[in-house]
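Me: I am new to this structure and would like a close look at a single part of it, followed outward into its surroundings. Please take me through it slowly, in one connected account.

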Amino acid sequence: MTEAVETRPLPGATFGGLIEVADGRAFVEAAEARPRALPEALNGRGGLLLVKGLAAVSDDPGLLVRLSRPFGAEVEDYARTTNRLNLLHPDDSRIVRISNLPPVNFAPPEPPDPPTRPDGGPPIRFPHRRGWHTDQSFRRPPPDISLFYAHRPAPRGQGQTLYADGAGAYDALPPDLKAVADDLHGLHVAPFTGHGEDDVVQGRPRKPLNEKDGPVAQPVVRLHPETGRKALYLCEREQMDWVRGPFVGMEPGPGGEGARLLYRLMEHFTRDRFTYAHEWDRGDLIVYDNRCLIHSATWFDAQAVSRDMWRTTVWGNPGPSYRGEARSWETA
Ligand SMILES: [Fe+2]
């Protein structure tokens, strides 16, 4: 049974664990037989597990839901939480598809400018790389864990996913920034509602927000309920409210005092030593802890490439800042 949770350090990163699986179905059964094993491995590896060799999920998407359950009380049923029903996996509404294929039709992010680093690799550090976020930070309480599976990844060199370690970044903050961050709250909002940085800079019209979209205030520093570690919890660009924020109690808007602080914090958060760039193979799964990591997607050639990634989201243990708090946004 122990082989189900035998992890190695993730190559190319200062955080994260790697698990290589020979039989995907047997791995899921072992995880169910010892339901604390994978969550403990995740906590022990800084909130990221790469599981390689799970292509069985492509034939049986229910395996992804079964593998999600040990990570928390509730695997989100997106049929109840989103109006965008075209995103749901046809076999199971607890799986959302991130894909450029119909009927999902997600466009990849624009490439950064310039599109590569001098060494040819993908730009990672903010603000050269944009789009850093943690999933659904515009809801209180926010979700704990996401599981992201490569059913049909982009070829290597495209469509990578980048991760940054909020606990390592917090520990390494200069004392003056740490003192500021400890007491700060960010204002998070759903993306593509006209409240993002570029929208405000360009004066685009704002869509009316409902309770599912925020804005909500979230602590900039979260205490992880299982590891006891503090971690930075921040987004940028589209997922902070640049009308009223990005921070509570600071001068709002692009170019304001709050914006300058966000840029400083994000530049630090996304330094090389806190980040990992994942090149996907079919059958890869990354389990990531939204309470202590942020991530970002990279461009792929959507005209030439079909990409189809599947995600579940697990809720239930957001930590002491949210204790006893009812969800303000659940409608069903
Ligand atoms: Fe995401």
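Reply: The part to begin with is the largest nonpolar core, which has 77 residues, and those with the most contacts inside it are Leu64, Tyr149, Leu232, Leu234 and Phe269. The model is a predicted one, and what follows should be read with that in mind.

Take Leu234 as a way into this core. Leaving aside its neighbours within four places in sequence, Leu234 is in contact with Gly186, Val220, Leu265, Met266, Phe269 and Ile294. Among these partners, Phe269 is itself listed with Leu234 as one of the residues with the most contacts inside the core.

For the setting of this core, consider the protein chain as a whole, which contains nine helices and 16 strands. Its radius of gyration is 19 Å, close to the 20 Å that the globule rule gives for 332 residues, so the chain is as compact as a globular protein of that length. The C-alpha trace spans about 55 × 50 × 45 Å along its principal axes, and buried residues make up 47% of the 332 residues. Of the contacts with a separation of 6 or more, 80% are between residues 24 or more positions apart.

From here the account turns to the strands. Strand β9, residues 185-188, is joined to β10 by four bridges, and the two run antiparallel; within this pair, Leu187 stands opposite Ala217 of β10. In a regular strand the side chains alternate between the two faces of the sheet. Strand β10, residues 216-219, shows such an alternation, with Val216 and Gln218 pointing to one face and buried, while Ala217 and Pro219 point to the other face and are not buried.

An open sheet is formed by three strands in the order β13-β8-β15, with antiparallel pairing. Its edge strands are β13 (275-278) and β15 (293-297), each of which pairs on one side only, and the twist averages 20° from one strand to the next. Strand β8, residues 161-165, pairs with β13 in the antiparallel sense over four bridges, and Ala164 stands opposite Thr275 in β13.

Another strand to follow is β7, which is mostly covered, seven of its eight residues being buried. Five bridges join β7 to strand β14 (residues 285-289), the two running antiparallel, and seven bridges join β7 to strand β16 (residues 308-315), again in an antiparallel arrangement. Ile145 takes part in both pairings, since its bridge partner in β14 is Asp289, while its bridge partner in β16 is Val314.

The loop between β6 (92-99) and β7 (145-152) is where Pro109 is found. Pro109 has 16 other C-beta atoms within 10 Å and is therefore partly exposed, because a residue counts as buried only if 20 or more such atoms lie within that distance, and as exposed if there are 12 or fewer. Not counting residues up to four places away in sequence, Pro109 touches Gly131, Ala297, Thr298 and Trp299. One of these partners, Ala297, has a number that falls within the range given for edge strand β15 (293-297). Pro109 and Arg130, which are 21 residues apart in sequence, lie 9.0 Å apart in space, from C-alpha to C-alpha.

Conventions. Residues numbered from 1 in each chain as written. Predicted model: local features only at pLDDT ≥ 70, side-chain atom pairs only at ≥ 80, totals over all residues. Pairing = 2+ DSSP bridges. Axes fitted to C-alpha atoms, helices over the stretch in contact; angles between N-to-C directions. Contact = placed C-beta atoms within 7 Å. Rg over C-alpha atoms; globule rule 2.2 N^0.38 Å. Core = buried A, V, L, I, M, F, W, Y, C linked by C-beta atoms within 7 Å.
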